[in-house]
Amino acid sequence: MDRWTGVRDTRAMPQEKPFTDTHQTLGALLRMPYERMSGWLYAELRESGFDDIRPAFSAVLRNLGPGSSRVSELAARAGMTKQSMSYLVEQMQGCGLVTVTPDAQDRRANTVQLTARGEKAVLTGIVLSKSYEERLAGLLGERKIAQLRSILEELAAKLETTDTR
């Protein structure tokens with residue numbers, strides 16, 4: 001069992017690494033820590049009483065703001081089809097995380113909004129994310145984590161204003 005993610009550690013199993021991991025592409029270097037954090041975070045959410053939240057729900061949760069959003073907007077932000085987003089939203093509605101109502105301006109469209117339980121799950125996730133960042137500071141030191149955060153914040157800001165396609 002991996003102490004960071006709470007899931008079975010498959011690194012001990014003999015398997016070949018994907019090319020991107022072997023060559024340590026930037027994408028792989030960004031993905032590996034994210035996947036570790038995500039696995040740990042969802043395990044902790046389960047322990048916090050959110051045992052019905054699946055990692056796939058993050059496509060909705062990270063794109064839903066404090067108000068309501070149309071399913072089509074969420075799908076576009078997540079880079080997925082409207083049908084796939086609708087499926088996730090339906091699953092989340094069944095878990096009591098979101099409400100779905102017809103859009104007041106376009107009855108063909110639905111809007112999605114977090115419930116009180118959904119907001120609590122998001123806020124718990126934010127607190128857990130900060131906790132994981134502190135755990136990483138224990139591994140690398142606070143200075144390096146602060147530098148990493150600063151670089152990532154700068155990169156995120158530049159990518160928002162620059163077309164890098």
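Let me start at one residue, S84, whose place is in helix 5, residues 82–94, and which counts as partly exposed at 32% relative accessibility. Between S84 and V71 there are 9.9 Å in space, C-alpha to C-alpha, for a separation of 13 residues in sequence. I should say at once that what we are looking at is a predicted model, and that every value I quote is computed from it.

Stepping back to the whole chain, the secondary structure comes to seven helices and three strands, and from the N terminus the order of the elements reads α-α-α-β-α-α-β-β-α-α. Along the principal axes, the C-alpha atoms fill a box of roughly 50 × 40 × 35 Å. Of the 165 residues, 28% count as buried, while the exposed area of the chain is about 11,500 Å², with carbon and sulfur atoms supplying 54% of it. If we take the contacts with a separation of 6 or more, residues 24 or more positions apart account for 54% of them.

A second residue to pick out is N63, which is found in the loop between helix 3 (58–61) and strand 1 (69–70). Is N63 buried or exposed? With a relative accessibility of 13%, N63 counts as buried, because the cut-off for that class is under 20%. Once its neighbours within four places in sequence are left aside, N63 is in contact with L74, R77 and A78.

Now to the charges. The chain carries 23 positive and 21 negative side chains, and the centres of these two sets lie 1 Å apart. In general, side chains of opposite charge can pair when their charged atoms come close. The count of salt bridges here comes to seven, and I will go through several of them.

In helix 2, R31 forms a salt bridge with E35, where the closest N and O atoms are 3.4 Å apart; the two residues are four apart in that helix, so about one helical turn separates them. Both ends count as partly exposed, R31 at 28% relative accessibility and E35 at 43%.

The bridge between R70 and D103 has its closest N and O atoms 2.6 Å apart. This pair links distant parts of the chain, since R70 sits in strand 1 and D103 in the loop between strand 2 (98–102) and strand 3 (110–114), 33 residues away. R70 is partly exposed, with a relative accessible area of 23%, whereas D103 is buried, with 8%.

R108 is bridged to D106, with 3.1 Å between the closest N and O atoms, and R108 is exposed, at a relative accessible area of 74%. Beyond these pairs, E133, R149 and E153 are linked in a network of salt bridges.

Let me finish with the nonpolar side of the surface. Which residues make the nonpolar surface patch of about 540 Å²? The patch is made by L26, L30, L148, L152, L155 and L159. Helix 2 (26–47) and helix 7 (142–161) each supply at least two of its residues, and helix 7 gives the most, with four. One of the patch residues, L159, lies in helix 7 and is partly exposed, with a relative accessible area of 44%; that value is over the 30% that a residue needs in order to belong to a patch.

Note on methods
Residues numbered from 1 in each chain as written. Predicted model: local features only at pLDDT ≥ 70, side-chain atom pairs only at ≥ 80, totals over all residues. Heavy atoms only, no water. Patch = residues over 30% accessible without salt bridge, like charges linked within 9 Å, V, L, I, M, F, W, Y side chains within 5 Å. Areas by Shrake-Rupley, 256 points an atom, 1.4 Å probe, with all protein chains shown as cover. Salt bridge = Lys/Arg side-chain N within 4 Å of Asp/Glu carboxyl O. Buried < 20%, exposed > 50% of the residue type's maximum accessible area, 1.4 Å probe, protein only. Contact = heavy atoms within 4.5 Å. Lys, Arg positive; Asp, Glu negative; His and termini not counted. Charge placed at Lys NZ, Arg CZ, Asp CG, Glu CD.
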